[in-house]
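Trainee: Can we go through this one together? I'd like to start with the metal.

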Amino acid sequence: MRIAKWSTFVLSAVTAMSLIAGCGASTENKNNTNAAEPTKEPVQDTAKEAVVNVYSARNYAVDKVLYSKFTEKTGIEVNVVDGKAEELIERLKREGESTTADLFITVDGGVLNNAKQAGILQPAVSDVINANVPADRRDADNEWIGLSTRARVIAYSKDRVKPEQLSTYEDLASESWKGKLLVRSSTSLYNQSLLSSFIELNGAEKAEQWSQGIAANLAREPEGGDRDQAKAIAAGVGDVALMNTYYVGLLLNSEDAEEVKVGNSLGVFFPNQDTTGAHINISGAGLTKHSKNQENAIKLIEYLTDVEAQSLVSSENFEYPVNPKAELPELLQSWGEFKAQTLDFGKLGEHNAKAIEIMNKTGWK
Ligand code: FE
């Protein structure tokens with residue numbers, strides 16, 4: 001876990017929670033947390049710095065750019081504690097009322113819904129947010145708000161595969177792709193949610209058959225992240241890979257010439273266009289139940305979902321904006337419009353345990 005701008009974070013934490021004893025305050029603030037000196041007033045709210053504290057399981061380069069732009073615009077500092085989503089949820093549960101976190105940010109609709117179910121979020125009430133983000137890109141109670149969507153598609157070798165050979169996720173489990181398929185490990189939430197979506201759409205039995213077929217067709221044992229599957233296609237290890245579209249964009253725009261070459265060797269195919277649609281997932285932010293800087297936190301969500309920020313997420317990180325007014329970069333335009341799965345993102349979390357069980361059972365390592 002990495003903590004940014006620690007000094008400001010501690011200062012604001014102490015200011016906001018000076019009544020909580022043993023909160024790990026720095027020495028200069030020790031007196032303020034001493035319950036034996038009730039006459040000592042905590043630092044007044046007026047002295048409080050303008051901050052918003054974020055627990056984030058999302059850390060792409062574009063996020064830091066957006067946070068500093070927000071600070072430039074509003075004077076509100078953004079302090080980020082990075083961590084794994086599940087750990088941050090556990091931490092929020094453990095910290096309860098004493099948490100300093102105002103926002104929880106992660107990259108999976110299932111996990112956002114888990115955070116809601118865990119009771120650590122509250123509705124972000126804002127007409128601006130409601131206008132920026134369509135209802136199907138946020139929680140019904142606004143306990144989480146989508147920040148971007150991502151499609152998990154089939155990337156293929158432009159040299160060795162014709163797009164006409166591709167059709168559906170289901171077809172990747174067929175005999176014709178034996179020894180040619182690349183995908184990262186089943187420990188990746190991206191793959192777990194992909195399988196969860198099939199459980200929701202096609203039932204557990206079909207999902208299991210598919211997982212079995214995927215495991216049987218792999219060109220090698222799963223290793224590395226999505227970008228490594230693309231590199232393995234370029235190296236001729238396999239011909240097709242399951243990966244998130246934005247990694248293709250990141251490769252094409254990399255400072256490393258080799259990565260650009262990898263990106264250029266790939267085609268992007270949106271599967272299941274005549275059936276259930278391509279799998280998409282959502283990245284989002286939830287206002288924490290015990291946020292001490294609610295107004296600032298809501299302002300940050302309003303900013304992150306406005307046209308400028310949304311266009312930047314798309315042009316810098318090649319994700320799909322949730323705000324329909326945002327501009328799509330040329331690359332995403334070149335991929336064209338596509339039919340996406342329509343399902344309640346929360347279902348991805350509901351089926352997560354079953355998906356992991358299936359992956360283990362079918363030997364998807
Ligand atoms: Fe990613």
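Trainee: What spacing do the donors of the iron ion follow along the chain?

Mentor: This is a predicted model, where local features need pLDDT of at least 70 and side-chain atom pairs 80 or more, while totals for chains, interfaces and linings use all residues. Numbering runs from 1 along each chain as its sequence is written, and side-chain values use heavy atoms, with hydrogens and water left out. Donors are N, O and S atoms within 2.8 Å of the metal (3.2 Å for Na, K and Ca). Here they follow Y-x129-Y-x55-Y-Y.

Trainee: Which residues coordinate the iron ion?

Mentor: In each case the OH atom does the job, at 2.0 to 2.1 Å. The residues are Tyr60, Tyr190, Tyr246 and Tyr247.

Trainee: How many residues apart are Tyr60 and Tyr246?

Mentor: Tyr60 sits in the loop between strand S1 (51-56) and helix H2 (61-74), and Tyr246 belongs to helix H9 (residues 245-252). Helices (H or I, at least four residues) and strands (E, at least two) are DSSP runs numbered from the N terminus. The pair links distant parts of the chain, and the separation is 186 residues.

Trainee: Is Tyr246 buried or exposed?

Mentor: Buried means under 20% relative accessible area, exposed over 50%, partly exposed in between (1.4 Å probe, protein chains only). Tyr60 comes in at 12%, so it counts as buried. Tyr246 has a relative accessible area of 0%, so it is buried.

Trainee: Which residues lie nearest the centre of the largest pocket?

Mentor: A pocket is an open set of points on a 1 Å grid where a 1.4 Å probe fits, with protein on both sides within 12 Å along at least five of seven lines; lining residues have an atom within 4 Å of a point. This one has 29 lining residues, and those nearest the centre are Asp136, Arg137, Thr149, Ile280 and Ala340.

Trainee: Which elements give two or more residues to that largest pocket's lining?

Mentor: Both of them come late in the chain's numbering, at 320-321 and 330-335. They are strand S10 and helix H13.

Trainee: Which domains does the second largest pocket lie between?

Mentor: The largest pocket's lining draws at least three residues from each of two domains, whose bounds come from an automatic or database assignment. The second largest pocket has 24 lining residues, with Ala57, Lys84, Ala85, Val107 and Leu189 closest to its centre. Helices H3 (85-95), H4 (109-117), H6 (189-202) and H14 (346-350) each give two or more residues to that lining. Because both domains contribute, the second largest pocket lies between domain 1 (51-148 + 281-328) and domain 2 (150-279 + 344-362).
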